[in-house]
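Subject: Structure handover

Hello,

Here is the structure I promised to pass on. Please open it alongside this note, which says what turned up in it.

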Amino acid sequence: MATPSLAMIPSAIADSKVYSVLPNNGDGDFTFNRDSSATRVGQNGLIQTVGYFGSEEVTNGDFATDSDWVKGTGWTISGGKANANTVGDYITLYQNSVLTIGKNYKSSFTVTDYTQGTIRLTQGGSDISGQKNSVGTYVNYFTATNTTIDLQGISSFIGSIDNVSVKEVLGDQPRLNYDISNGVVQSCPSLLLEPASTNLITYSEAFDNAYWTKSGSSVASGFTSPSGDLSAFKFAEDGTNSYHYCRRLTVAVASASIVTLSLFAKKSENSYVALFEGRSGGTVFFNLETKTVVSASGGASGTIEQLPNDWCKIALTVTVPSTIANFEIYNSNDGTSLTYQGVSGNGVYIWGAQLEQLSYATSYIPTTGASQTRAAETCFGAGTSSTFNSTEGVLYAEISALADDLTNRTIALSDGTTSNTVRIQYLTVSNSIWATITNIGAGGNQAILQYTSSDITINSKVALKYKANDFSLFVNGIKVATDTSGVTFPSNTLNTFQFDRGNGAESFYGNTKDIRVYNEALTDAQLQTLTTL
């Protein structure tokens with residue numbers, strides 16, 4: 001089989017770049033953009049935040065000297081730590097003029113010693129981290145509404161702090177995301193591209209915050225989360241015959257919008273948990289033992305994804321009837337009941353609540369006191385006119401689309417416009433794959449090849465051959481469509497590969513494992529071999 005002129009197998013990235021294997025002179029490298037941080041599943045199966053960060057904003061965050069910090073009563077600096085022996089609430093250790101209002105930041109600090117009370121990181125009094133009462137390192141992302149950074153001791157905090165860090169999030173780092181199958185992390189990553197989305201839950205991990213109302217239940221912190229730190233909570237029922245919930249009511253959304261509630265959950269004494277959107281009545285029960293959706297009602301649909309270490313990502317999608325949505329989590333003793341005689345202390349583990357105005361759950365967006373938006377991702381600009389053969393060739397991709405969002409998702413060879421394109425499109429509204437060759441100078445579309453997929457969210461190998469009067473589409477080892485009439489392009493017409501339709505529209509959102517362009521029309525036998533799963 002011929003050597004491709006362009007080959008991108010996700011493995012090497014840098015700030016604002018996705019590198020191709022071929023050509024190796026840099027012409028095949030993609031320009032990438034995302035103006036925010038984002039999360040991915042790393043090679044170890046843990047959820048990690050990626051992004052391009054600025055320089056350190058905190059001075060003397062390692063407490064090497066007794067300087068730069070304003071110390072409230074009970075705070076001292078010695079031995080490379082900030083030490084607290086406070087009496088009362090909101091006793092602060094702080095620095096002024098650290099943050100710029102409106103910018104996004106990553107913060108972290110380590111509790112090295114703990115005796116009593118709680119500690120939190122705030123910006124001018126607004127909680128960033130949630131209250132912490134155990135040894136560990138705590139990482140959070142936030143948008144600055146104040147310029148001051150504070151460590152606040154609450155409930156007469158006694159303990160020691162080290163390694164306080166605040167860095168601006170500049171974004172622009174691509175995500176190599178590792179797929180998980182039946183709880184097992186796969187060996188090869190995908191390039192993950194997603195649209196903009198906002199997590200409207202403002203305390204996504206701090207279930208002990210007053211933002212979350214509990215009834216017939218309680219929460220306790222300090223359990224290992226899907227990110228590997230100790231930020232997960234035990235959500236436990238009490239011994240009453242009642243509902244056992246943790247919920248947030250009145251989340252503002254667009255009128256009559258589709259929303260998706262998602263949550264990471266893990267069985268403990270209880271195997272069952274339910275998500276409930278109270279405005280619509282949408283309810284989904286999940287079995288965390290068998291990793292299955294038990295039932296869905298009230299117009300809702302549900303999904304469950306098995307993660308490592310027995311965690312699951314569960315989600316509920318439903319249309320809300322007004323401008324308000326609820327996010328409600330219920331313990332269940334049997335997978336059918338929301339109200340029952342509880343057993344005190346029985347429950348499940350929870351982490352990472354997210355409410356999006358989308359018809360599916362995207363990757364996790366952490367919040368710590370305010371809603372957070374992950375910016376849309378773009379990936380474009382690989383190749384030159386010398387990289388591609390405009391008269392004949394093959395466009396190959398191993399890809400999967402995100403869930404149905406009623407939008408075309410496209411990858412294309414083009415001249416930088418939609419006038420001359422070789423396109424593979426995932427039509428999410430019809431769950432189909434289209435291949436189109438458009439030459440505007442020759443009258444428009446020269447070939448339109450269509451294939452109805454069983455599920456475009458499942459990884460597929462797709463190849464489009466283009467040659468005058470010889471067009472064909474192969475999907476997963478099968479020739480699914482042909483066209484024997486049409487022209488291609490004059491030499492040097494095609495000069496760029498983009499994860500969109502050629503002009504920035506219909507951006508491809510999904511997972512990409514392999515992209516190749518061949519500068520000759522391969523045989524049917526070669527195309528069958530290339531696309532066989």
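Strands here are DSSP runs of E with at least two residues, and helices are runs of H or I with at least four, numbered from the N terminus. The model is predicted, so to speak of local features pLDDT must be at least 70, side-chain atom pairs count only at pLDDT 80 or more, and totals for chains, interfaces and linings use all residues. Residue numbers start from 1 along each chain as its sequence is written, and side-chain values rest on heavy atoms, with hydrogens and water left out.

**Two buried polar residues**

Start with Gln-446. It sits in strand β39 (residues 444-452). Its relative accessibility is 12%, so Gln-446 counts as buried (buried is under 20% relative accessible area, exposed is over 50%, partly exposed is in between, with a 1.4 Å probe and protein chains only). The side chain of Gln-446 reaches the backbone oxygen of Gly-444 at 3.1 Å. A polar atom of that side chain also lies 3.4 Å from the backbone oxygen of Ala-442. A polar contact is a pair of N or O atoms within 3.5 Å; within protein, one must be able to donate a hydrogen and the other to accept it, and residues adjacent in sequence count only if both atoms are side-chain atoms.

Next is Glu-328, in strand β30. Glu-328 is buried, at 2% relative accessible area. Its side chain makes a polar contact with the side chain of Asn-326 (3.3 Å). A polar atom of the Glu-328 side chain lies 3.5 Å from the backbone nitrogen of Gly-278.

**Aromatic rings**

How many aromatic pairs does the structure hold? There are 23. Rings of Phe, Tyr and Trp (its six-membered ring) pair if their centres lie within 6.5 Å; planes under 30 degrees apart are stacked, over 60 edge-to-face, and the rest tilted.

One of the pairs is Phe-276 with Tyr-330, edge-to-face, at 6.0 Å centre to centre and 80° between the planes. Phe-276 lies in strand β25 (residues 272-277) and Tyr-330 in strand β30 (residues 324-332), so the pair ties together parts 54 residues apart in sequence. Both rings belong to buried residues: Phe-276 has a relative accessible area of 17%, and Tyr-330 has 4%.

Phe-497 and Phe-499 make another pair. Their ring centres are 5.6 Å apart and their planes at 80°, so this pair is edge-to-face. Phe-497 is buried at 0% relative accessibility, and Phe-499 is buried at 2%.

Tyr-203, Phe-207, Tyr-211, Trp-212, Phe-233 and Phe-327 form one aromatic cluster. There is also a charge over a ring: the charged end of Lys-106 sits over Phe-53, 4.9 Å from the ring centre. That label needs NZ of Lys or CZ of Arg within 6 Å of the ring centre and within 35 degrees of the ring normal.

**Pockets**

On a 1 Å grid over the protein atoms alone, a cavity is a set of points where a 1.4 Å probe fits but cannot get out; a pocket is an open set with protein on both sides within 12 Å along at least five of seven lines; lining residues have an atom within 4 Å of a point. Points are joined across faces, edges and corners, and a volume is the space filled by probe spheres set on them.

The largest pocket holds about 1200 Å³. It is lined by 43 residues, and Glu-305, Lys-313, Ala-361, Leu-402 and Asn-511 lie nearest its centre. Strand β28 gives the largest share of that lining, six residues. By class, the lining has 17 nonpolar, 19 polar and seven charged residues (nonpolar means Ala, Val, Leu, Ile, Met, Phe, Trp, Tyr, Cys and Pro; charged means Asp, Glu, Lys and Arg; the others, Gly among them, are polar).

The second largest pocket holds about 260 Å³. Its lining has 16 residues, with Ile-47, Thr-49, Val-139, Ser-227 and Asp-229 nearest the centre.

**Cavities**

There are three cavities of 30 Å³ or more. The largest has about 170 Å³ of space. Its lining has five nonpolar, twelve polar and three charged residues. Strands β14 (136-143) and β20 (217-223) each supply at least two of them.

The second largest cavity has about 40 Å³. Its lining is Lys-132, Tyr-138, Val-139, Asn-140, Glu-205, Asp-229 and Ser-231.

Best wishes
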